[in-house]
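Biologist: Shall we go through the cavities and the ligand together? I would like to hear the reasoning behind each label.

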Amino acid sequence: MIKYDPKSLKAEEFINDQEIIETLKYADENKNNLKLVDEIIEKAKKRKGLNHREASVLLACEDKEKIKEIYDLAEQIKKDFYGNRIVMFAPLYLSNYCVNGCLYCPYHSKNKNIPRKKLTQEEVRNEVIALQDMGHKRLAIEAGEDPVNNPIEYILDCIKTIYSVKHKNGAIRRVNVNIAATTVENYRKLKEAGIGTYILFQETYHQESYEYLHPTGPKHNYAYHTEAMDRAMEGGIDDVGIGVLFGLDKYRYEFAGLLMHAEHLEAVHGVGPHTISLPRVKRANDIDPTDFDNSLSDEMFCKIAACIRIAVPYTGMIISTRETPEIREKIIRLGVSQISGGSRTSVGGYCEEERPHDTEQFDVSDNRTLDEVVNWLMRAGYIPSFCTACYREGRTGDRFMSLCKSGQIQNCCHPNALMTLEEFLMDYASPETKEIGEKLIEKEIDNIGKEEVKDIVRDRLERIKQGERDFRF
Ligand code: SAM
């Protein structure tokens, strides 16, 4: 039998099947053990997190009152660590060439229904201009895996192009990267290119399902994929983002796997994942999500978010436009810190008048423009933030985490959110959004703790109105 060891660098030891099976059994046996549930909730209230076993008990708990307590605590922890800020980003699809055979993804190599497309650097420029004109400052670049069509040099060229585009007052200040698992050497190159987070979804932590769902191509290799974040960290990338594609396998297994992965990164590298993404399988070109019979209810999806929030309080949580505005509204409250807006999931989609569907990776469920999403967030009491300061100030990895753990992050993030929102209002917002935003900023200045910081922020907001840009703490 393979022994569970969070410190091991071998996938099957740090994501250990037997440990997950025992965790789920323990959770089942204790799901209505209210004394234990109470103890775990008390521990979570200390805001130091929970391990995968404890969190799995809460996820399995069926007691309505306790579930409400879990939701309330998740909401409170979100407020304590992230305030009412929501960081905005957009995906940018570079290429849908792919040599893999992923059964859930329309980019799989056998799909002959879709045109294959790869952006030229000129097209990347045009996409970036379109994104800047919406108001975006932070992107997640996406590409299929194809060593001939999308080698690392191509990705690096695209990153260079993206950072170089300065259109009107626009700028992309942080490029996160979601490309297939790669070598330490390539991760080092990405780091040198100035990327923010390296994001890679595990898809499923269940090895047998993983191998079935990835029948062909380099992605078939479960260990290589699962150990990617260790190589990324070895290559110097200290902000990594993990996630599973919910719906592929049983959610309870995935949930325990996700937390074990986070525990492993913390144990080995001294810093857990920067973000956890919560995607669910969606309809796409030749993909029918009902082919995977592990879909989970909206209710359970929200419960997963709440349990993640209290289990890893310092880890950002991301929800994309795969979800409807209704689900986004509900789940944001429970702990999400970043959302995408105005997204197009097709290669070259931002330059098209109408949303193109031919190369779309999945159907988008939130079709609102960025202005509409910003407007909606503010009406719901949130501050949409276009801040990218942390990584540009060198606050990454354990430096970010220690700032976050000491509560100091509030003194940077809140003012930065207000200043970047002001930039958005000045440059891109509709008159109605601008009006709501100016009132919100005025109100939120009062929530800055230190008087001297308040004065600096007031001065900078004024200077932004006069045309200056890119202030940060
Ligand atoms: N190709 C890279 C890889 O293999 O990791 C990453 C880029 S891929 C464009 C980004 C993610 O989209 C995948 O990791 C997968 O989780 C998700 N995805 C693929 N097909 C999807 C579908 N039908 N619905 C929702 N998300 C999907």
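Biologist: Which element gives the largest share of the lining of the second largest cavity?

Modeller: Helix H16 does, with three residues. Keep in mind that this is a predicted model.

Biologist: Which other elements supply at least two residues of that lining?

Modeller: Besides H16 (389-392), there are helix H5 (64-82), S1, helix H17 (397-405) and helix H18 (409-427). The lining of this second cavity counts 22 residues, and Tyr82, Val87, Arg138, Phe400 and Cys413 lie nearest its centre. The volume is about 380 Å³.

Biologist: What makes Tyr82 a lining residue there?

Modeller: A lining residue needs an atom within 4 Å of a grid point of the cavity. Tyr82 is listed among the 22 lining residues, so it meets that cut-off.

Biologist: And how many cavities does the structure hold?

Modeller: Five, counting those of 30 Å³ or more. About 790 Å³ of space lies in the largest cavity. Its lining has 47 residues, with Glu142, Asn178, Phe201, Arg322 and Gln361 nearest the centre. Among the elements giving two or more residues to this lining are strand S1 (85-95), strand S2 (138-143) and helix H10 (222-226).

Biologist: Why is this space called a cavity and not a pocket?

Modeller: Because a 1.4 Å probe fits at its points but cannot get out, whereas a pocket is an open set.

Biologist: Where does the ligand sit?

Modeller: In the largest cavity. We say so because more than half of the ligand's atoms must lie within 2 Å of the cavity's grid points.

Biologist: Which residues are closest to the ligand?

Modeller: Tyr104, Glu203, Lys219, Lys282 and Arg322 are the closest of the 19 residues that surround the ligand. By class, this shell has 10 nonpolar, three polar and six charged residues.

Biologist: Why is the approach of Glu203 to the ligand called a polar contact?

Modeller: An N or O atom in the Glu203 side chain is 2.5 Å from a ligand oxygen. The limit for a pair of N or O atoms is 3.5 Å, so this pair qualifies. A ligand nitrogen is 2.9 Å from a polar backbone atom of Lys282, and a ligand nitrogen is 3.0 Å from an N or O atom in the side chain of Arg322. The protein covers 97% of the 570 Å² of accessible area that the ligand has on its own.

Biologist: What classes make up the lining of the largest cavity?

Modeller: There are 26 nonpolar, 14 polar and seven charged residues.

Conventions. Residues are numbered from 1 along each chain as its sequence is written. This is a predicted model: local features need pLDDT of at least 70, side-chain atom pairs count only at pLDDT 80 or more; totals for chains, interfaces and linings use all residues. Side-chain values use heavy atoms; hydrogens and water are left out. A residue is near a molecule or strand if one of its heavy atoms lies within 4 Å of it. A polar contact is a pair of N or O atoms within 3.5 Å; within protein, one must be able to donate a hydrogen and the other to accept it, and residues adjacent in sequence count only if both atoms are side-chain atoms. Accessible areas come from the Shrake-Rupley method with a 1.4 Å probe; for residues, only the protein chains shown count as cover. On a 1 Å grid over the protein atoms alone, a cavity is a set of points where a 1.4 Å probe fits but cannot get out, and a pocket is an open set with protein on both sides within 12 Å along at least five of seven lines; lining residues have an atom within 4 Å of a point. Ala, Val, Leu, Ile, Met, Phe, Trp, Tyr, Cys and Pro count as nonpolar, Asp, Glu, Lys and Arg as charged, and the others, Gly among them, as polar. Grid points are joined across faces, edges and corners, and a volume is the space filled by probe spheres set on the points. Helices (H or I, at least four residues) and strands (E, at least two) are DSSP runs, numbered from the N terminus.
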